[in-house]
Amino acid sequence: MSKVETNSYTFGYAMVFTATIAVILALVATVMKPMQEQNREHAKRVSILSTVTGVDGADKGEIQVMFDEKIEQIVIDAEGNILEGVNAFDLDVAKEYKKDAPDRHLPLYLFEDVSGEKTYVIPLRGSGLWGWISVFLALEDDGSTIKATVFEHETETPGLGAEIKDAPWFREQFVGKKFFNAAGEYVSIDVLKGRGNSLTEHTVDGVSGSTITSRGVAAMLQRLQGYEQYFNSLKS
Amino acid sequence: MSDSQTSVASAPIAQAKVQAKEALFSKKNRRLVTDPLFENNPITVQVLGVCSALAVTTQLRPAFVMTLSVIFVLALSNLVTSLLRKTIPSRVRMIVQLTIIASLVTIVDQFLRAFAYDVSLQLSVYIGLIITNCIVMGRLEAFAMANKPWKSFLDGVGNGLGYGAILIAVAFFRELLGAGKLFGVQVVPQFMYDIGYVDNGIMLTSAAAMFVIAVLIWIQRSRNPGLVDVS
């Protein structure tokens with residue numbers, strides 16, 4: 001047997017090869033990380049701003065300025081009290097949802113336009129079929145009626161689960177839907193199976209062929225209840 | 001031995017060595033790059049890598065980025081595999097090849113997320129799928145394991161270009177006919193829409209990509225009858 005085919009050579013080769021590749025990949029990831037982080041933050045600002053105002057054509061610097069000037073960042077606790085000293089933008093929503101409900105700190109963004117009309121932009125996060133899904137909801141100042149939505153996902157299937165982000169019809173159907181019913185009770189917005197259902201103020205169509213992602217969206221929307229105390233305190 | 005004697009004795013050997021070394025861009029080496037563009041095109045002749053040709057060709061921009069990514073991965077993995085070919089134990093041959101490909105694809109993915117974030121979101125799943133692209137594994141096995149580094153590199157570039165040519169051709173028609181745009185820029189003038197022209201929605205589906213590729217194969221084989229029964 002030639003030297004290349006012996007067991008010990010094969011074993012040693014595999015070890016050295018794997019170790020080398022690991023080091024190279026770790027180096028690349030570390031070097032690229034700051035730039036990737038900047039890109040993610042920029043995308044987040046664009047998502048938030050796009051629910052309340054136009055963002056087309058603005059470059060990164062302009063978006064940053066727009067965001068800092070027009071958006072007020074608020075962090076609340078489970079009882080609806082505002083917390084000082086914490087930045088809503090930097091809050092890791094996924095981590096917060098791993099805590100028990102009473103311990104969570106939740107972010108929200110307040111936008112006031114020139115006429116004094118307030119819009120609350122709320123980030124929610126949930127699980128799709130393959131990875132996380134998230135949404136930025138722009139709510140009217142009643143804390144219930146949706147003005148706009150922007151969905152994101154990590155790795156949902158293109159053409160199926162990914163339609164929550166890619167298909168305009170999906171997010172547009174949320175406009176005007178309400179989380180609270182006429183009696184002021186929290187009922188959330190449910191995502192029905194498939195399309196062509198008869199809808200109410202509290203239901204929307206799901207994406208055909210992607211049951212699990214649609215269910216994930218419905219479960220994610222339930223989490224708006226975490227803001228119920230806060231919105232009630234605003235009314236009083 | 002005196003100096004003059006050694007130089008006389010070694011001159012013919014040196015001359016023979018110079019003749020044996022091939023020029024970097026000799027005719028044979030150039031053909032490694034040009035053959036996969038037409039006669040041996042990975043998609044239309046070898047019929048490999050068709051899957052991603054359907055998925056990323058709705059617009060020209062992602063098709064272009066995908067092409068560059070595949071050329072990079074193909075050329076470099078061919079090169080690295082060829083450099084290592086004599087050291088790889090046969091029992092782990094496929095695993096080593098796969099690791100090389102996967103690492104290069106990971107590097108491309110990291111790079112895109114840092115420098116072309118919006119495109120990386122569009123291509124998200126498909127970049128990872130380059131690892132499973134038959135062309136890459138196919139060329140590694142068929143060429144890089146048995147050929148020298150420079151030739152393997154050229155073969156990778158050639159096949160990447162051949163793949164890219166088809167991708168861009170398909171994306172050209174799909175974006176033009178399906179959205180009236182090229183590279184995101186509106187090309188079909190407004191007056192066409194006014195007189196009743198409508199964007200062809202079918203072009204945005206994968207089925208349309210199949211049709212376009214089929215037409216390209218048909219045109220190629222009509223012009224070159226030698227390819228008719230190749231696959």
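**Group meeting: chains A and B, from helix α5(B) outward**

Gln97(B) is found in helix α5 of chain B. I start there, and I should say at once that this is a predicted model. With a relative accessible area of 0%, Gln97(B) is buried. Leaving aside residues up to four places away in sequence, Gln97(B) touches Thr81(B), Met137(B), Leu140(B), Glu141(B) and Met145(B).

Keep Glu141(B) from that list in mind, please. Glu141(B) forms a salt bridge with Arg93(B), and the closest N and O atoms are 2.8 Å apart. Arg93(B) is in helix α5 of chain B and Glu141(B) is in helix α7, residues 134-144, so the pair links distant parts of the chain, 48 residues apart. How exposed are the two partners? Arg93(B) counts as partly exposed, at 26% relative accessibility. Glu141(B) is partly exposed too, with a relative accessible area of 30%. So Glu141(B) has two roles in this account: it is touched by Gln97(B), and it pairs with Arg93(B).

Staying with helix α5 of chain B, there is another salt bridge to show. Arg113(B) pairs with Asp109(B), the closest N and O atoms again being 2.8 Å apart. Why are these two separated by about one helical turn? Because they are four residues apart in helix α5 of chain B. Their accessibilities fall into two classes. Arg113(B) is partly exposed, with a relative accessible area of 32%. Asp109(B) is buried, at 17%, which is under the 20% cut-off for that class.

Now chain B as a whole. Chain B has ten helices and two strands. Reading from the N terminus, the order of elements is α-α-α-α-α-α-α-α-β-β-α-α, which puts the two strands after eight helices and ahead of the final two. Chain B has 231 residues, and 41% of them count as buried. Among contacts in chain B with a separation of 6 or more, 75% come from residues 24 or more positions apart. The Arg93(B)–Glu141(B) pair, at 48 residues apart, is one link across a long stretch of sequence. Chain B exposes about 12200 Å², and carbon and sulfur atoms supply 69% of that area.

Next, the interface. The size of an interface is often given as the accessible area lost when the parts come together. Here, the area buried between chain B and chain A is about 2000 Å², with 66% of it from carbon and sulfur atoms. Which elements give two or more residues to the side of chain B that touches chain A? They are α5 (93-115) and α6 (117-128) of chain B. Of these, α5(B) gives the most, with eleven residues. That is the helix in which Gln97(B) is found.

In total, the contact takes 23 residues from chain B and 21 residues from chain A. How many salt bridges cross the interface of chain B and chain A? The rule finds zero. The count of residue pairs in polar contact between the two chains is six, with both residues at pLDDT 80 or more.

Over all chains, a search of the whole structure finds ten salt bridges. One of them is in chain A: Lys165(A) with Glu152(A), where the closest N and O atoms are 3.1 Å apart. Lys165(A) lies in helix α4, residues 163-166, and Glu152(A) in strand β6, residues 146-153, so this pair ties together parts that are 13 residues apart in sequence. Lys165(A) counts as partly exposed, at 24% relative accessibility, whereas Glu152(A), at 19%, counts as buried.

Two further points on chain A. The first is a surface feature. Phe11(A), Met15(A) and Val16(A) make a nonpolar surface patch of about 350 Å². Phe11(A) lies in helix α1, residues 7-50, of chain A, and counts as exposed at 59% relative accessibility.

The second is a backbone feature. Most residues other than glycine have a negative phi. Ser188(A) is not a glycine, yet has a positive phi of about 65 degrees. Where is Ser188(A) found? In the loop between α5 (168-172) and β7 (190-192) of chain A. Is Ser188(A) buried or exposed? At 2% relative accessibility, Ser188(A) counts as buried.

To close, back to helix α5 of chain B. This helix holds the buried Gln97(B) and the Arg113(B)–Asp109(B) pair. It also gives eleven residues to the side of chain B that touches chain A. That is what I have.

Terms used
Residues numbered from 1 in each chain as written. Chains lettered and ligands numbered in written order. Predicted model: local features only at pLDDT ≥ 70, side-chain atom pairs only at ≥ 80, totals over all residues. Heavy atoms only, no water. Patch = residues over 30% accessible without salt bridge, like charges linked within 9 Å, V, L, I, M, F, W, Y side chains within 5 Å. Areas by Shrake-Rupley, 256 points an atom, 1.4 Å probe, with all protein chains shown as cover. Salt bridge = Lys/Arg side-chain N within 4 Å of Asp/Glu carboxyl O. Buried < 20%, exposed > 50% of the residue type's maximum accessible area, 1.4 Å probe, protein only. Contact = heavy atoms within 4.5 Å. Buried area = accessible area lost by both parts, 1.4 Å probe. Polar contact = N/O pair within 3.5 Å; in protein donor to acceptor, adjacent residues only side chain to side chain.
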